[in-house]
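Here's a walk through this structure, with the sequence and the 3D view to hand. We'll begin with one helix and what sits under it, then work outward.

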Amino acid sequence: MKKSDQHVVPNTSGGWAVRRSGAERASKILDTQQEAVRYARTIAKKEHGELYVHGKDGTIRQRSSFGNDPHPPKDKR
Amino acid sequence: MAFADNVFINCPFDAGYSSLLRPLLFTVIYLNLKPRIALESADSGEPRIRKITELIGKSKYGIHDLSRIEATKKGEIFRLNMPFELGIDVGCRSFGTRKQKTKRCLILEMERYRYQAALSDLSGSDIAVHKNEPEEVVIEVRRWLVNRCRSKAPGAAKIWGAFMDFMATNYDDLTKRGFSKKDIDNLAVPELIECMEEWVRKNVVLDARR
């Protein structure tokens, strides 16, 4: 887990939080999941990190890699 | 693990409760305590009740979630295991050894005062309400453990953030080992505890958890 990894998590007081791995607080709270994912994706791309979208219980709903993907898609050639 | 570090966890172990069980276990482990559950022993020949009483006797702390005891649909039977095991824990404290008289337990419920209708004898016990919210489980369990034995514990927001980091790392690690998303979501509880303990050992400074 790198500090450049970004997590999108539903915020209990409303909206969606974007949080960096290891951080104690959210870097941003946005109204919708879509906005939060867009914001987190921009940072993850810029910093070559991973993007994790969590459900309310912490489970992973979506994962995108913008760095060294540990599970890259298999070459179909 | 020593008596003072053991936390007996009394709750359902089915899929319907896993969203609350994961943060509960993680908070206990993060605070350098050992969750003890009835599923941890692989010896199927041992009667379950003997295993449970043994675990209760060995654990200074007990966390009992009564939020799932009532039947939710017509024809479903209400569940007595949780209040039964809570009764054993309370009894162990009352009739046990000098050490066991120091036992403490937390009762978790979904709504405030709901338990009083069914178990009025519990008035005056440590009761917390999680409203079925995973983050509330972290907040309430941490708050109770801070008052009982972990006065310098980090804040709930930090533990909740660490839980998200764990869930992401664990997802990647298990995917790498050939687990599907369904396998990960349904990971057996003893295996989940092992993963959490390993992550916490590698990522959390011990001093920050006491």
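The buried residues of α8(B) pack against three elements of chain B: α1 (18–30), β2 (34–36) and α6 (156–176). Contact here means heavy atoms within 4.5 Å, and buried means under 20% relative accessible area, with exposed over 50% and partly exposed in between (1.4 Å probe, protein chains only). Helices (H or I, at least four residues) and strands (E, at least two) are DSSP runs, numbered from the N terminus.

Before going on, a note on what you're looking at: this is a predicted model, where local features need pLDDT of at least 70, side-chain atom pairs count only at pLDDT 80 or more, and totals for chains, interfaces and linings use all residues. Residues are numbered from 1 along each chain as its sequence is written, chains are lettered from A and ligands numbered from 1 in the order in which they are written, and side-chain values use heavy atoms, leaving out hydrogens and water.

**Chain B: the helix and the core**

Helix α8(B) covers residues 189–203, and its 15 residues reach 21 Å from the first C-alpha to the last, close to the 21 Å expected at 1.5 Å a residue. That expected span is 1.5 Å times one less than the number of residues. Which residues of α8(B) are buried? They are Val189(B), Leu192(B), Ile193(B), Cys195(B), Met196(B), Glu197(B), Trp199(B) and Val200(B). As background, an α-helix has 3.6 residues a turn, so residues three or four places apart point the same way.

Several of these helix residues meet Phe166(B): leaving aside residues up to four places away in sequence, Phe166(B) touches Phe26(B), Leu192(B), Cys195(B), Met196(B) and Trp199(B). Phe166(B) also belongs to the largest nonpolar core, which has 52 residues. A nonpolar core is a set of buried Ala, Val, Leu, Ile, Met, Phe, Trp, Tyr and Cys residues joined through side-chain atoms within 4.5 Å. The members touching the most other members are Ile9(B), Leu24(B), Phe26(B), Val28(B), Ile63(B), Val141(B) and Phe166(B). Two or more residues each come from β1 (6–10), α1, β3 (61–65), β4 (104–109), α5 (134–148), α6 and α8 of chain B. The largest share, eleven residues, is from α6(B). A second, separate core has ten residues, including Trp16(A), Val37(A), Ala40(A) and Ala44(A). In soluble globular proteins, nonpolar side chains tend to be buried together.

**Two loop residues with positive phi**

Most residues other than glycine have a negative phi. The loop between β5 (126–129) and α5 of chain B holds Lys131(B), and Asn132(B) is found there too. Here are their values:

| Residue | Phi | Relative accessibility |
|---|---|---|
| Lys131(B) | near 55 degrees | 52%, exposed |
| Asn132(B) | about 65 degrees | 29%, partly exposed |

**Chain A: a five-stranded sheet**

Chain A has one helix and five strands, running β-β-β-α-β-β from the N terminus. Of its 77 residues, 40% are buried.

The strands form an open, mixed sheet in the order β3-β2-β1-β4-β5 (chain A); two strands pair if DSSP finds at least two bridges between them. At the edges are β3 (28–30) and β5 (60–65) of chain A, each with a single partner strand, so one side of each is left without a neighbour in the sheet. From one strand to the next, the twist averages 20 degrees. Helix α1 (residues 33–46) of chain A packs on the sheet, touching β1, β2, β3, β4 (50–54) and β5 of chain A, and its direction makes about 160 degrees with that of β4(A). Axes are lines fitted to C-alpha atoms, for helices over the stretch in contact, and angles run from 0 to 180 degrees between N-to-C directions.

How do the pairings go? Five bridges join β1 (residues 6–10) to β2 (residues 16–20) of chain A, which run antiparallel, and His7(A) stands opposite Arg19(A). On the other hand, β1(A) pairs with β4(A) in the parallel sense over three bridges, with Gln6(A) opposite Leu51(A). Five bridges join β4(A) to β5(A), which run antiparallel, and there Tyr52(A) faces Arg63(A) as its opposite number. In the hairpin of these two strands, with five residues between them, Gly58(A) takes a positive phi near 95 degrees.

Both faces of β4(A) are covered: Glu50(A), Tyr52(A) and His54(A) are buried on one side, Leu51(A) and Val53(A) on the other. Asp5(A), in the segment before β1 of chain A, counts as buried at 2% relative accessibility. The C-alpha atoms of Asp5(A) and Glu50(A) are separated by 4.7 Å, although the two are 45 residues apart along the chain.
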